[in-house]
Amino acid sequence: EDEDEDDEEDEEDEDDEDEHPVFTAKEAAGAFTALFRFVWPHITRYPKWLAIVVFGLLAETAFNVAFPLSLKYLIDDVLTGDSEHAYRTLIIILATLGSLGIVVSIITIWYEYYDSVLMSSVMADIRAKLFEHLQYLSAGFYSRTKIGTITSRFGSDMTTVDDALRHMVTWGVLPFLELLAGIGLMFYLNWQLASLALLLIPITLIGPRLLSGRAVDASYQERKAAAGLVAVVQENVSAQNVVKAFSLRRISKGWFHDRNMIEREQAIRSRFYNALVERSVTISVLMLHLVVFGVGAYLTYNEDITLGTFVTFESVFWELSYNIGHVTQFVPVAISGSGATKHINDLLDEPARGQDPETAAEVPRIQREITFRDVEFSYGGEQKQIEALNMTIPAGSRIAVVGPSGSGKSTVLNLLLRLYDPTGGTIRIDDTDIVKAKRDSLRAQMAVVFQENLLFDISIRENIRLGNPGATDEEVVKAAKAAEIHRFIRSLPQGYDTVVGERGNMMSGGQRQRVAIARAIIRNPAILLLDEATSALDHGTEQAINKTLMKVAEGRTMITVTHRLHSVTDMDKIFVLEKGRLVESGTHAELMKMKGVYAHLFKRAG
């Protein structure tokens with residue numbers, strides 16, 4: 001119910017953002033630099049490659065400016081000069097341009113290769129940074145966030161940023177440099193015409209200034225809509241058994257249709273505004289060029305400037321127009337990229353709670369006991385899932401935590417694993433407060449078997465070895481034998497090298513559970529945690545695995561959470577929770593004599 005409320009709040013937030021644009025017109029100009037600010041820290045990690053790219057850009061810019069300048073001398077000195085001097089000038093110009101053309105072509109290919117290396121490395125670093133950040137986000141974040149909204153950052157958002165980086169040099173940086181160099185050359189040729197052009201160029205910025213804010217907002221909203229669509233698909237694929245069993249195809253198609261239409265409307269809005277930004281500049285440049293062309297022709301006719309100057313100026317101005325066009329093409333790409341980076345930053349800005357302070361202590365292997373003292377915890381809001389909890393678990397004992405649904409029993413394991421930290425009280429292993437200790441050292445002496453144990457799409461051998469990455473093949477086999485899954489693995493054509501499929505779906509529930517137990521055994525844990533470890537299995541498989549677990553638990557502290565009470569009758573002690581409070585504790589026999597909550601639950605379970 002809490003997750004449903006979170007989802008509804010997320011949808012309401014999206015609706016609010018549709019009504020109130022993220023970017024105002026004034027902020028739109030800053031959005032064009034957002035992409036650069038986002039990638040610059042990663043670019044500066046590779047100064048050598050960056051230097052090569054900058055050098056190549058400057059060399060290509062210089063040649064692209066020198067080439068039209070040669071037109072002035074060809075027309076004024078070659079076509080209208082004396083034959084001997086003109087011929088010598090022609091040879092010099094052609095030889096110089098030819099030599100420079102070959103050299104610059106080689107430099108261009110050289111720097112474009114390193115531009116590819118640089119930008120690909122930057123994208124790899126961004127993906128790595130985002131993935132690493134995910135490892136430190138709290139369990140609460142994952143409980144309230146749909147998988148699709150996370151994976152969309154690695155999908156559509158990364159693709160959009162990559163597209164922007166791919167065109168940053170050719171559509172953005174190079175045209176911008178040539179734009180600056182071209183303006184300087186125009187002033188060199190004729191300052192009056194250049195001044196006229198510069199006075200009119202700001203007109204071309206009116207359209208983007210008016211429309212960029214809406215375009216950036218539309219791109220950002222499209223990213224969010226795309227994430228919502230991916231989430232629906234992800235959920236549908238994961239729940240295909242439920243969809244088929246309850247004939248939910250029509251309802252699922254309805255959910256998808258709703259999200260698809262939202263994505264369609266946002267895509268229309270985004271693409272239309274991006275097209276308007278580009279088109280407004282194109283039209284403005286065309287009008288500006290007609291004015292400059294007319295004035296230049298008039299000055300040439302009156303012999304105020306030479307024909308070579310006019311032709312060269314026109315050539316430079318056309319090149320200027322093309323550069324403005326290239327920059328214009330990059331504008332919608334940059335807008336989409338800035339929208340994608342904002343969506344990625346939303347995730348990067350999520351506070352990381354899994355990193356330990358430098359002062360955190362190591363947790364020594366348990367010697368005496370685990371103690372809960374006045375522990376309180378709430379997932380959020382006023383309601384407490386755990387309240388005033390006091391428990392002592394002696395080292396080497398086998399204890400169970402039971403209670404009605406929603407009593408907080410699984411929360412106890414979550415707190416012990418430090419998936420969450422208590423909001424009050426302390427949990428200690430011997431004398432160490434686990435909240436002040438290093439998580440990895442705490443978890444290193446623990447192993448957990450869940451109700452639904454996820455296996456990775458790798459071999460059985462590697463799935464078991466995940467419990468102890470340094471384990472030998474012999475230790476893997478020993479753990480499998482202890483989990484009583486070795487004989488089954490040997491019967492497979494590829495044995496331990498058998499790949500289990502996504503989430504381990506090539507194996508039955510009981511087989512997956514035994515592989516998970518082997519993964520726990522190979523860790524050699526001092527504390528074994530079982531979270532409804534057999535609740536999803538049939539009675540016969542459950543009994544067999546419970547026997548295996550009892551053997552595995554010898555010499556270890558075992559804490560099991562379950563609602564199947566017939567499996568805990570032999571435990572050293574049973575703690576009974578109700579509404580987050582400890583209401584009873586004792587052996588099975590003692591609790592049955594009390595005729596309280598436990599006895600009532602046990603009789604109901606039959």
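This is a short talk on the fold, a few individual residues and the aromatic pairs of one predicted chain.

Let me start with the overall picture. The secondary structure comes to 20 helices and 10 strands. The radius of gyration is 35 Å, and the globule rule gives 25 Å for 606 residues, so the chain is more spread out than a compact globule. The C-alpha trace says something along those lines in another form: along the principal axes it spans about 120 × 55 × 50 Å.

On burial, 46% of the 606 residues count as buried. The exposed surface of the chain is about 31500 Å², and 57% of that is supplied by carbon and sulfur atoms. As for contacts, take those with a separation of 6 or more: 77% of them join residues 24 or more positions apart. For charge, there are 61 positive and 79 negative side chains. The centres of those two sets lie 9 Å apart.

Now the aromatic pairs. A pair of aromatic rings is described by the distance of the centres and the angle of the planes. The count for this model comes to 12 aromatic pairs. One of them is F63 with F67: the ring centres are 6.1 Å apart and the planes are at 45°, so this pair is tilted. Both residues lie in helix α3, residues 47–79, and they are four residues apart, about one turn of the helix. Is F63 buried or exposed? F63 has 16% relative accessibility and counts as buried, because the cut-off for buried is under 20%. F67 has a relative accessible area of 47% and is partly exposed.

F377 and Y420 form another tilted pair, with 5.4 Å from centre to centre and 55° between the planes. Which parts of the chain does the pair of F377 and Y420 tie together? F377 lies in strand β1, residues 369–377, while Y420 lies in the loop between α12 (409–416) and β4 (424–429), so the pair links parts that are 43 residues apart in sequence. F377 is buried at 4% relative accessibility. Y420 is buried as well, with a relative accessible area of 16%.

There is also an aromatic cluster, formed by F55, W110, Y113 and Y114. F55 is found in helix α3, the helix that also holds F63 and F67. With a relative accessible area of 45%, F55 is partly exposed. Leaving aside neighbours within four places in sequence, F55 is in contact with I107 and W110. One more distance for this part of the model: F55 and T108 are 53 residues apart in sequence, and their C-alpha atoms are 9.7 Å apart in space.

Next, a glycine. Where is G580 found? G580 is in the loop between β9 (573–578) and β10 (581–586). Its relative accessibility is 0%, so G580 counts as buried. Not counting residues up to four places away in sequence, G580 touches Q385, I386, E387 and S407. G580 and S405 are 175 residues apart in sequence, yet 11 Å apart in space, C-alpha to C-alpha.

Two residues are worth a look for their backbone angles. A388 has phi near 50°, a positive value in a residue other than glycine. A388 is placed in strand β2, residues 386–394, and is partly exposed, with a relative accessible area of 34%. K595 is also a residue other than glycine with positive phi, here near 55°. K595 lies in the loop between α19 (588–594) and α20 (597–605). With 67% relative accessibility, K595 counts as exposed.

The last residue is P493, in the loop between α16 (486–491) and α17 (509–521). P493 has a relative accessible area of 84%, and since exposed means over 50%, P493 is exposed. The C-alpha atoms of P493 and S212 are separated by 61 Å, and the two residues are 281 residues apart along the chain.

To sum up: the predicted chain is more spread out than a compact globule, with 46% of its residues buried. The loop residue G580 is buried, whereas the loop residue P493 is exposed.

Key: Residues are numbered from 1 along each chain as its sequence is written. This is a predicted model: local features need pLDDT of at least 70, side-chain atom pairs count only at pLDDT 80 or more; totals for chains, interfaces and linings use all residues. Side-chain values use heavy atoms; hydrogens and water are left out. Helices (H or I, at least four residues) and strands (E, at least two) are DSSP runs, numbered from the N terminus. The radius of gyration is taken over C-alpha atoms; the globule rule is 2.2 Å times the number of residues to the power 0.38. Buried means under 20% relative accessible area, exposed over 50%, partly exposed in between (1.4 Å probe, protein chains only). Contact means heavy atoms within 4.5 Å. Accessible areas come from the Shrake-Rupley method with a 1.4 Å probe; for residues, only the protein chains shown count as cover. Lys and Arg count as positive and Asp and Glu as negative; His and the chain ends are not counted. The place of a charge is taken as NZ of Lys, CZ of Arg, CG of Asp or CD of Glu. Rings of Phe, Tyr and Trp (its six-membered ring) pair if their centres lie within 6.5 Å; planes under 30 degrees apart count as stacked, over 60 as edge-to-face and the rest as tilted.
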